[in-house]
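The following exercises are meant to be worked through with the sequence and the structure side by side. Try each task before reading its solution.

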Amino acid sequence: MNWEIFIGRFHPLLVHLPIGIFVLGFCFELLFQFGYRKLVPSRKIVILTYGLGLLAGVIAALTGWLLSSSNDYGIKALNDHKQLGIATLAIMLIVIIYQVKAPAAKHRLKLAGSTLALLLIALTGHFGGNLTHGPSYLVEYGPSFLQDDPDAFTDAIRKKDPDSIVIFRDLIHPLIQSNCLECHSAENKKGGLKLETYKDLFREANHDVPVLAGNPDLSELFKRISLPKNHEKVMPPRGSGISYTDTQVIRYWIKNGADSLATFNPEKMSDELIALFKRDYGLDLSSRPYYEKIKVDSLDASLLEELRTSGFKVSYLGANNLLLDVEYTGDTIHKEQIHALNQVSGQITFLKIRSCNLLDEMIEEIADLPHLTRADLSDNPITGKAVPFLIDRSHLEMANLNGTLFTGESVQKLLGKSGLSRIYLSNTEIRPEEIAELQKTFADVEIITAFKFKKVEEAKSVFEQEAPR
């Protein structure tokens, strides 16, 4: 049993007693000064009431001192409340002594001293409210112009590009600043723990290391913030605390290495975390194709016009996406067209050059296409010599090689060294048994050799009747 904390817990009960008694004494003094002698016939009643208030204040202060040993409160806020409480008791004592020792002093001077003591009592009570309910408790439900914008942090995140969010810098560090530094700054350092910088998260404190990279369940920081709100060791101990969504963000960050420059990777995020982030921050972190994440500069209109004049159909992917979808519409392609294509090679993500007698040597003339994600080279006499071109396109996801001269060996080489997730191989030199082997070897790649339609039974008229037996 902890007697200090047990007795200290009576502080909230006792602290209102001196306030009430002193306010009563102040009312007696007002009545006495303004001539209501039938109600307060002597100043001794005022002095006695103030004395009882001072005694109750000392008792309340002692229980408050015992309660402060619980380490449940921010050091700065606790010191402010404690020092102001001591100053208030001192002023109350001076007021009483002045009332006793200077009976002939002016009543207004005595009232001024009592008024000062009353104001200090009110201020001490306010700091006590800050201590238990947080610094915004007084205006939390008041007019909006008195309050901090509760959505300012959320709005700042909403305005960011999801791909540019650095988890520690943009989310975790602001959360620590607003919820932890009252007790864990260089000035306070409660429990030997300081959380002002990224490196502080990995320095051992009195209890344990705040963050153990890769293991949130053994990280003291995560364990404390994920405790039930009424648990005696939950952090922060007061206020609304850290939301469930932000708690899960911290868990994700620690589990994936707790790197200071880490960003969100949808492939490592749970569906729940993606949904929570979208709900609370309005940002969709679900996996997106490469061409939706990359940003490129706009092109000179003359380059686009030259490309269109050369027989290409050109369009941007969207109003805010300046990558290009390019399709050759001519019957035969020549080096002139390849040259025009190379002028915009840094912008192309979808490329269709089909049924135009494209040769292996022409593919070798095509410049680097750093953002190419889909390539349709179907119905051209190209062979496995085009494999290096496809392998070198590091972001290529789909290749249509229908009607080409690719063999099973060349496709195996292509799939083994590229990041393709889908490939079309109908009407090629590849034998059915080779296709089966490729599908077995590269099970994560969608290999399409023909379109298949589900058989639908022939519809039967509702008017048709069975012949009588």
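How do the residues of the lining of the second largest pocket divide into nonpolar, polar and charged?

**Before starting.** This is a predicted model, in which local features need pLDDT of at least 70 and side-chain atom pairs count only at pLDDT 80 or more, while totals for chains, interfaces and linings use all residues. Residues are numbered from 1 along each chain as its sequence is written, and side-chain values use heavy atoms, with hydrogens and water left out.

**Exercise 1. Describe the second largest pocket and its lining.**

Step 1. The residues of the lining divide into 15 nonpolar, 13 polar and 1 charged, where Ala, Val, Leu, Ile, Met, Phe, Trp, Tyr, Cys and Pro count as nonpolar, Asp, Glu, Lys and Arg as charged, and the others, Gly among them, as polar.

Step 2. The volume of the second largest pocket is about 730 Å³; of the 29 residues that line this pocket, His 11, Val 15, Ala 60, His 81 and Thr 124 are the closest to its centre. (On a 1 Å grid over the protein atoms alone, a pocket is an open set of points where a 1.4 Å probe fits, with protein on both sides within 12 Å along at least five of seven lines, and lining residues have an atom within 4 Å of a point.)

Step 3. At least two lining residues come from each of helix 2 (11-14), helix 3 (16-33), helix 4 (43-67), helix 5 (75-101) and helix 6 (107-133), and helix 5 gives the most, with 8 residues. (Helices, H or I with at least four residues, and strands, E with at least two, are DSSP runs numbered from the N terminus.)

**Exercise 2. Trace the sheet and place strand 2 within it.**

Step 1. The open sheet has 7 strands in the order 1-2-3-4-5-6-7, with mixed pairing, two strands being paired if DSSP finds at least two bridges between them. Strand 1 and strand 7 (446-448) stand at the edges with a single partner strand each, so one side of each is left without a neighbour in the sheet.

Step 2. Strand 1 (residues 312-318) pairs with strand 2 in the antiparallel sense over 6 bridges, and a hairpin joins strand 1 to strand 2 through 2 residues. Within this pairing, Glu 327 in strand 2 is the bridge partner of Lys 313.

Step 3. Strand 2 also pairs with strand 3 (residues 348-352), in the parallel sense and over 4 bridges, and here Glu 327 stands opposite Lys 352 in strand 3. Between these two strands the chain passes through helix 14 (residues 335-342), making a right-handed β-α-β crossover: with the strands pointing away from the viewer, the path from the first strand over the helix to the second runs clockwise.

Step 4. Strand 2 (residues 321-328) is mostly covered, with 7 of its 8 residues buried, where buried means under 20% relative accessible area, exposed over 50%, and partly exposed in between (1.4 Å probe, protein chains only).

**Exercise 3. Find backbone features in the loops.**

Step 1. Most residues other than glycine have a negative phi, and most peptide bonds are trans.

Step 2. Met 235 and Pro 236 are joined by a cis peptide bond with omega about -10°, and Pro 236 lies in the loop between helix 9 (220-225) and helix 10 (244-255).

Step 3. Ser 355 has a positive phi, near 50°, and lies in the loop between strand 3 and helix 15 (360-363); its relative accessible area of 42% makes Ser 355 partly exposed.

How values were computed: Points joined across faces, edges and corners; volume = space filled by probe spheres on them.
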